[in-house]
There are 2 protein chains.
Amino acid sequence: MNKTLLACTLLLGGSAVAHADPLSAWNDTAAKQSIEQWVQNATKEGSATFIPQDKRYVVFDNDGTLWPEAPLTFQIQFIVDEIKRQAPEHPEWKKDPLINAVLTNDLKTVAKAGDKGLIKLLTMTHTGITTEEFDKRVADWLVSHKDKRFGCSYDQMGYQPMRQLLDYLRDNGFKTWIISGGGIDFMRVMSQKMYGIPPEQVVGSFALGEFSLTDNGTQIRKTMNGAFNDDAANKPVAIHLFMGQRPVAAFGNSDGDLQMLQYTAANPDYKTFGLLVHHTDAEREYAYDSHPPASGKLVNALTEAKAKGWTVVDMKQDWKTVFDPAVCKVK
Amino acid sequence: MNKTLLACTLLLGGSAVAHADPLSAWNDTAAKQSIEQWVQNATKEGSATFIPQDKRYVVFDNDGTLWPEAPLTFQIQFIVDEIKRQAPEHPEWKKDPLINAVLTNDLKTVAKAGDKGLIKLLTMTHTGITTEEFDKRVADWLVSHKDKRFGCSYDQMGYQPMRQLLDYLRDNGFKTWIISGGGIDFMRVMSQKMYGIPPEQVVGSFALGEFSLTDNGTQIRKTMNGAFNDDAANKPVAIHLFMGQRPVAAFGNSDGDLQMLQYTAANPDYKTFGLLVHHTDAEREYAYDSHPPASGKLVNALTEAKAKGWTVVDMKQDWKTVFDPAVCKVK
């Protein structure tokens, strides 16, 4: 490089910076190329595949798509930790078989209690308090607990390739949304910091609050009234309710995301993009939902991905890193 | 003006343009001044009243605040017109006293049927069809019906001062939301064009859809499942659910907006703004909710406005124009 060129490069901010790969945590495989190709097509003005900026709405599942869902989904881990934290004030809880199972890490008994058991535990930990108090409890939990295997806090466990993908899409004029089975209030505590997604673009399972005046202001208390489970066929319903238009891309990892992917793929106006994260990396994360043989949570969506041309990310092959290596290390 | 100054002025785009009053449809009274003062304070960096841009969320009621709600709310007018449009295919409807009352403009009988009657009419006109079909019916209704008194279509009837206010707030970095008792899908058909507000920032009464696959794609059918009436104490609940943070300003016109104003005023972090539109102009629009004596839909909120220092807009005194005079004319 001659001196003049060097001076210009420094003045202009450096070509190395300008050309830094925004998806550097992805290996240069077909998965990465399919993303880049679709974004280039969607943003190329005048082309048949161009999508106007006010239609560039893209939706992401959270658990298993943006952060792990093993060995327990992190919100279930929060429930377990919350019950343990409050247990000393409630000696009577030990007599309750379900709560005692939580306190003694007997997860088999908890799993056996099914949806009814889950609703009981959700009610104990997610209702009867104000929205502000709930947010505080989640924030306190995040700073006081770490994932046992990776040694980092849960809000440091966003997948690095997916966080880069969110940035890359936003830099190309897309509006990024979370459409998840996780609790809407739970996710909103961390979504801005973890993913750069503001609260109103985070949609999850929800129940209606109860508003009241207090001596020094107003409050909304959390209840289970009108509980809505934002999973499977309810995901497109939630997208319509909260977002009010059909997405142009959808990113998921399980059969619970299938309808969201179908709803997106059937967008009558634009060439859409679908992607499934396939958990194939036991060493750096977890391996499950192997196919074939069909098993686990990702069966029908994987079959449909082949028919519809959705991208399937093989975590082991397609991701250069899984977590930010500076903070999360495999033990 | 000397020649050099003139040249500079032309080069810089013209001082006349730069200084055009963004609230020109408002008279220069205390109401307008209170708005301008609050916006100046909220956007003055380094001041004690500064509000960071990512917290500048402001909420507006729709019926009676952004457009009229007389002689019927426009959504009720849509229901009446829809039933009349479909009646030729349903001769049996004439035998139903409630529907027959709609068909014969016997609004007293309709009013007497109360909430139960309204739910029946809502179910007839707002459910059993896909969201796309519903949107089309609303759009068709907008182009084929005009307000009898003002001679313009309903989506031309946004109050000019309030449309200017929405622009003015957005130009100052505020994110504008509608929080209305009106139907969420109904309002979203017209909100972008009328108010510059995208669908996801329009919140209203809603019910859950039903997703299904079809031969040529997917659909969401409208139902009355989980119906939520976005009024009064439900408005703060909806704000928390959809927006996920407390507003810094709220604009309404009735007691149904009181809790939204209270919830906003109790924002612990910022100096907030509250405003009520008071319908005092029988000549250019409608006069109702006069006070004293207490009457109609605006009673408690008007009393609380005085105690809390909320701005009360006297439409007759404070607004230079009500509608865009080029399209809506009093007959």
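In this predicted model, B:Val58 is found opposite B:Thr176, a residue of β2(B). The two residues belong to a wider pairing: strand β1 of chain B, residues 57-60, and strand β2 of chain B, residues 175-183, run parallel and are joined by four bridges.

This pair is part of an open sheet in chain B, built from six strands that follow one another in the order β3-β2-β1-β6-β7-β8 with parallel pairing. The edges of the sheet are taken by β3 (202-205) and β8 (311-314) of chain B; each has a single partner strand, so one side of each remains without a neighbour in the sheet. From one strand to the next, the twist averages 20°. As a reminder for readers who work mostly at the bench, strands of a sheet pair through backbone hydrogen bonds, and the pairing may be parallel or antiparallel.

A helix accompanies these strands. Helix α13 of chain B, spanning residues 258-265, lies across β1, β2, β6 (249-252) and β7 (273-278) of chain B. Relative to β6(B), helix α13 of chain B runs at about 165°.

Helix α13 of chain B also has a part in the meeting of the two chains. In total, 29 residues of chain B are in contact with 29 residues of chain A. On the side of chain B that touches chain A, at least two residues each are supplied by β4 (210-214), β5 (217-221), α12 (234-242) and α13 of chain B. The largest share of that side comes from α12(B), with five residues. By residue type, the side of chain B that touches chain A comprises 16 nonpolar, ten polar and three charged residues. Of the interface residues of chain B, 100% are interface residues in chain A as well, so the copies meet through the same surface.

The arrangement of the copies can be described just as simply. A turn of 180° and a shift of 0.0 Å along the axis lay chain B on chain A with an RMSD of 0.0 Å. The two copies are therefore related as by a two-fold rotation axis.

Turning to chain A, one residue may serve as a local example. A:Asn100 sits in helix α5 of chain A, which covers residues 97-103. Is A:Asn100 buried, exposed or partly exposed? With 14 other C-beta atoms within 10 Å, A:Asn100 is partly exposed. Between A:Asn100 and A:Ile83, which are 17 residues apart along the chain, the C-alpha atoms are separated by 9.8 Å.

Key: Residues are numbered from 1 along each chain as its sequence is written. Chains are lettered from A and ligands numbered from 1 in the order in which they are written. This is a predicted model: local features need pLDDT of at least 70, side-chain atom pairs count only at pLDDT 80 or more; totals for chains, interfaces and linings use all residues. Two strands pair if DSSP finds at least two bridges between them. Axes are lines fitted to C-alpha atoms, for helices over the stretch in contact, and angles run from 0 to 180 degrees between N-to-C directions. Two residues are in contact if their C-beta atoms, placed from the backbone, lie within 7 Å. Copies are superposed by least squares on the C-alpha atoms of residues with pLDDT of at least 70 in both. A residue is buried if 20 or more other C-beta atoms lie within 10 Å of its own, exposed if 12 or fewer, and partly exposed in between; C-beta atoms are placed from the backbone. Ala, Val, Leu, Ile, Met, Phe, Trp, Tyr, Cys and Pro count as nonpolar, Asp, Glu, Lys and Arg as charged, and the others, Gly among them, as polar.
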